[in-house]
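Pull up the model and give it a slow turn before reading on. We'll start from one short stretch and work outward from there.

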Amino acid sequence: MGIGEAITNFFHDMGIVELRIRNEHPAYAKLSYNSSLYLDIIAAHQGEYTPSKLADMLHIARPSVTQKLNVLEKAGYVTRKQNPADKREYFLYLNENVFTSDSPSIYAKLGQHLDEAMTQRYAKEEIEKFSEMLSYIGEICLDDSL
């Protein structure tokens, strides 16, 4: 199997995992898939993204991102905190109190399960190399030349 086919299969399997999470956990019940992806992006890098940076990364208009964030903020999912160094800039954070006690740890549980399964099967050096490859694959996928 080539890398392209392996990645296609991986995205397939992760799509199923994502939909299972969204169907089984009440924190996501009121959200569209698009909204839940915004939350995933913000949660993974709390305080790193501004609305403008999100718009640039997603290749969409800034007013579109602002509109989505306004909805998520009004619903209590997201908070914007002003940058003390530049008062014009606001960083995005996920409101943890919105989620039930098990929801914030869904991805942490998945990560822990993967760590345990991989360390039973592969050497530390192999896991480190694979992690490096995954990071590189992420960089390639985010490359604007696609």
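Start with helix 3, which covers residues 51-58; its buried residues are Pro51, Leu54 and Ala55. They take up an arc of only 100 degrees around the axis, so they sit on the same side of helix 3. This is a predicted model, by the way, so read everything here with that in mind. What do those buried residues of helix 3 pack against? Their partners are helix 2 (33-44), helix 4 (62-74), strand 1 (78-82) and strand 2 (90-94). Just past the helix comes histidine 59, and its phi is positive, near 60 degrees.

Let's look at one of those partners in more detail. Helix 2 and helix 3 pack with an angle of about 115 degrees between them, and their axes are 13 Å apart. Their crossing is right-handed. On the helix 2 side, Tyr38, Ile41 and Ile42 make the contact, while helix 3 brings Leu54, Met57 and Leu58. Leu54, then, turns up both among the buried residues of helix 3 and in the contact with helix 2. Sorted by class, the contact has six nonpolar residues, no polar ones and no charged ones.

Another partner on that list was strand 2, and tyrosine 90 lies in it. Is tyrosine 90 buried or exposed? The answer falls in between: its relative accessible area is 36%, so tyrosine 90 counts as partly exposed. Leaving aside residues up to four places away in sequence, tyrosine 90 touches Tyr49, Thr50, Pro51, Arg80, Lys81 and Gln82. Pro51 in that set is one of the buried residues of helix 3, and strand 1 runs over residues 78-82. You can also check a C-alpha distance here: tyrosine 90 and glycine 47 are 43 residues apart along the chain, yet their C-alpha atoms are separated by 8.7 Å.

Now swing over to another helix pair. Helix 1 (residues 3-24) packs with helix 5 (residues 106-121) at an angle of about 140 degrees, the axes lying 12 Å apart. That angle is why helix 1 is described as oblique to helix 5. The crossing here is right-handed. Helix 1 puts Met14, Val17, Glu18, Ile21 and Arg22 into the contact, and helix 5 puts in Ile106, Tyr107 and Leu110. How do the residues of this contact of helix 1 with helix 5 divide by class? There are six nonpolar, no polar and two charged.

Further along the chain you reach aspartate 143, in the segment after helix 6 (124-142). With a relative accessible area of 39%, aspartate 143 is partly exposed. Try the C-alpha distance from there to threonine 66: the two residues are 77 apart along the chain, and their C-alpha atoms are separated by 24 Å.

Finally, zoom out to the whole chain. Its secondary structure comes to six helices and two strands, and from the N terminus on the elements run α-α-α-α-β-β-α-α. Along the principal axes, the C-alpha trace spans about 45 × 40 × 30 Å. Of the 146 residues in the chain, 23% are buried. As for contacts with a separation of 6 or more, 47% of them involve residues 24 or more positions apart.

Methods: Residues numbered from 1 in each chain as written. Predicted model: local features only at pLDDT ≥ 70, side-chain atom pairs only at ≥ 80, totals over all residues. Heavy atoms only, no water. Buried < 20%, exposed > 50% of the residue type's maximum accessible area, 1.4 Å probe, protein only. Helix = DSSP H or I, 4+ residues; strand = E, 2+ residues; numbered from the N terminus. Arc of directions from axis to C-beta. Contact = heavy atoms within 4.5 Å. Axes fitted to C-alpha atoms, helices over the stretch in contact; angles between N-to-C directions. Parallel < 35°, antiparallel > 145°, perpendicular 65-115°, else oblique. Left-handed = near helix turned anticlockwise from the far one by under 90°. Nonpolar A, V, L, I, M, F, W, Y, C, P; charged D, E, K, R; others polar.
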